[in-house]
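Here is a small set of exercises for getting to know a new structure. Try each task with the model in view, then read through the worked solution.

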Amino acid sequence: MTIRTTQNLVLFFFLLAVSSCIPKGGEETASYLHIGHTRLYEKGNTIDPETEKIEFTKYDMIWIGGDLMGHSTEDRPTLNYLDSIFSFADPDVIWTLGNHDYDYHPEWIPEVTNRPLFYTSHKNGITILNLDSQKDSCSILGKQLDMVKQVTDTISRSSHLVVLTHKMVWVYGNDSLSTQAKSVPNAGFCDHCGYGINPNNYYSNIYPMLLEVKNKGIEVINIAGDIGAKVKSFEYLDENDIHFLASGVRSGHDDSMGLLFNHNLKKGTLEWEFKLLKDL
């Protein structure tokens, strides 16, 4: 191989790496879409038709809040159909599992995503914790807790830490939020049930670590996807300036929303707005 050929190859791979970092929205901005609870109530195991119309490829990341179908992993054709819509293997597509995704064959999910059921991700200076709130009845235990600790202990250069869950686990144990447990989440508090919010360790174990991250000057944003049946959007900022957001779909309702983020890469700022599905 000649020196010129070697130089050309080096240049090719350098340009490839650079081009993969350029957001779809332009070199100075990136857009991320969170959408959850897209299952269709009225017609069995299918997806909300308005959600299916969304051009997901125009966003730099897709954060899926769970409960895609009534039984997302009931059979292979159903999972393949969902994959054709969301492209699960794309590393910029993050699927946070809900109870309706988990109820048949969650072991199939790593086969289509090429990732475990919970993991970390990084994009444009943002660190993302994708947590499995179904695994231990809304608690984050074992290897998941170890993962959270490792990330929060070592994070230093990120501008934001985004914590994705399906369940609004942070409602339980919060005096300001617990009063809304019956009016905001799709299911309220329950003990040992798969569909509601169980007693959990968010405030005893997870929140103190997130507060340490916030004290480093890194913004912390919690996002859940198990709403839509009662309300379509939710936003709360606590006394420590930690954000709590949720967005969800109720099929057949014109006011169903997604949560759209605009990331100014030059300034390192992240802004968001709830948008109707038809406007996405």
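**Exercise 1. Contacts of Leu 161**

Task: In this predicted model, list what Leu 161 touches, leaving out residues up to four places away in sequence.

Solution:
- Start with the partners that have lower numbers: Leu 161 touches Thr 127, Leu 129, Val 151, Thr 152 and Ile 155.
- Then go up the chain, where Leu 161 also touches Leu 210, Val 213, Ile 218, Glu 219, Val 220 and Ile 221.

**Exercise 2. The nonpolar cores**

Task: Find which residues touch the most other members of the largest nonpolar core, and which elements contribute two or more residues to this core.

Solution:
- The largest nonpolar core has 34 residues, and those touching the most other members are Leu 129, Leu 161, Met 168, Trp 170, Tyr 202, Leu 210 and Phe 234.
- Two or more residues come from each of H6, strand E6 (160-165), H7, strand E7 (219-224), strand E8 (233-237) and strand E9 (243-247).
- H7 is the biggest contributor to this core, giving 6 residues.
- A separate second core holds 25 residues, including Tyr 59, Leu 79, Phe 86 and Val 93.
- As background, nonpolar side chains tend to be buried together in soluble globular proteins.

**Exercise 3. A pair of helices**

Task: Describe how H6 and H7 cross, and name the residues that make the contact.

Solution:
- Two packed helices are described by the angle and the distance between their axes.
- For helix H6 (residues 142-154) and helix H7 (residues 202-215), the axes come within 9 Å and the crossing angle is roughly 15 degrees.
- Angles under 35 degrees count as roughly parallel, so H6 and H7 are roughly parallel to each other.
- The crossing of H6 and H7 is left-handed.
- On the H6 side, the contact is made by Leu 145, Val 148, Lys 149, Thr 152 and Asp 153.
- On the H7 side, the residues are Asn 205, Ile 206, Met 209, Leu 210, Glu 212 and Val 213.
- Sorted by class, the contact of H6 with H7 has 6 nonpolar, 2 polar and 3 charged residues.

**Exercise 4. Two loop residues**

Task: Decide whether Lys 232 and Asp 92 are buried or exposed, and list their contacts beyond four places in sequence.

Solution:
- Lys 232 sits in the loop between E7 and E8.
- Buried means under 20% relative accessible area, so Lys 232, at 9%, counts as buried.
- Lys 232 is in contact with Ile 227, Ala 246, Ser 247, Gly 248, Arg 250, His 253, Asp 255, Ser 256 and Met 257.
- Asp 92 belongs to the loop between helix H3 (76-86) and strand E3 (93-95).
- With 17% relative accessibility, Asp 92 counts as buried because this value is under the cut-off of 20%.
- The contacts of Asp 92 are Asp 60, Met 61, Ile 62 and Lys 123.

**Exercise 5. Positive phi**

Task: Where are Ser 87 and His 192 found, and what is the phi of each?

Solution:
- Ser 87 is in the loop between H3 and E3.
- Although Ser 87 is not a glycine, its phi is positive, at about 55 degrees.
- At 39% relative accessibility, Ser 87 counts as partly exposed.
- His 192 lies in the loop between E6 and H7, and its phi, near 60 degrees, is a positive value in a residue other than glycine.
- His 192 has a relative accessible area of 77% and is exposed.

Definitions and conventions:
Residues numbered from 1 in each chain as written. Predicted model: local features only at pLDDT ≥ 70, side-chain atom pairs only at ≥ 80, totals over all residues. Heavy atoms only, no water. Axes fitted to C-alpha atoms, helices over the stretch in contact; angles between N-to-C directions. Helix = DSSP H or I, 4+ residues; strand = E, 2+ residues; numbered from the N terminus. Parallel < 35°, antiparallel > 145°, perpendicular 65-115°, else oblique. Left-handed = near helix turned anticlockwise from the far one by under 90°. Contact = heavy atoms within 4.5 Å. Nonpolar A, V, L, I, M, F, W, Y, C, P; charged D, E, K, R; others polar. Core = buried A, V, L, I, M, F, W, Y, C linked by side-chain atoms within 4.5 Å. Buried < 20%, exposed > 50% of the residue type's maximum accessible area, 1.4 Å probe, protein only.
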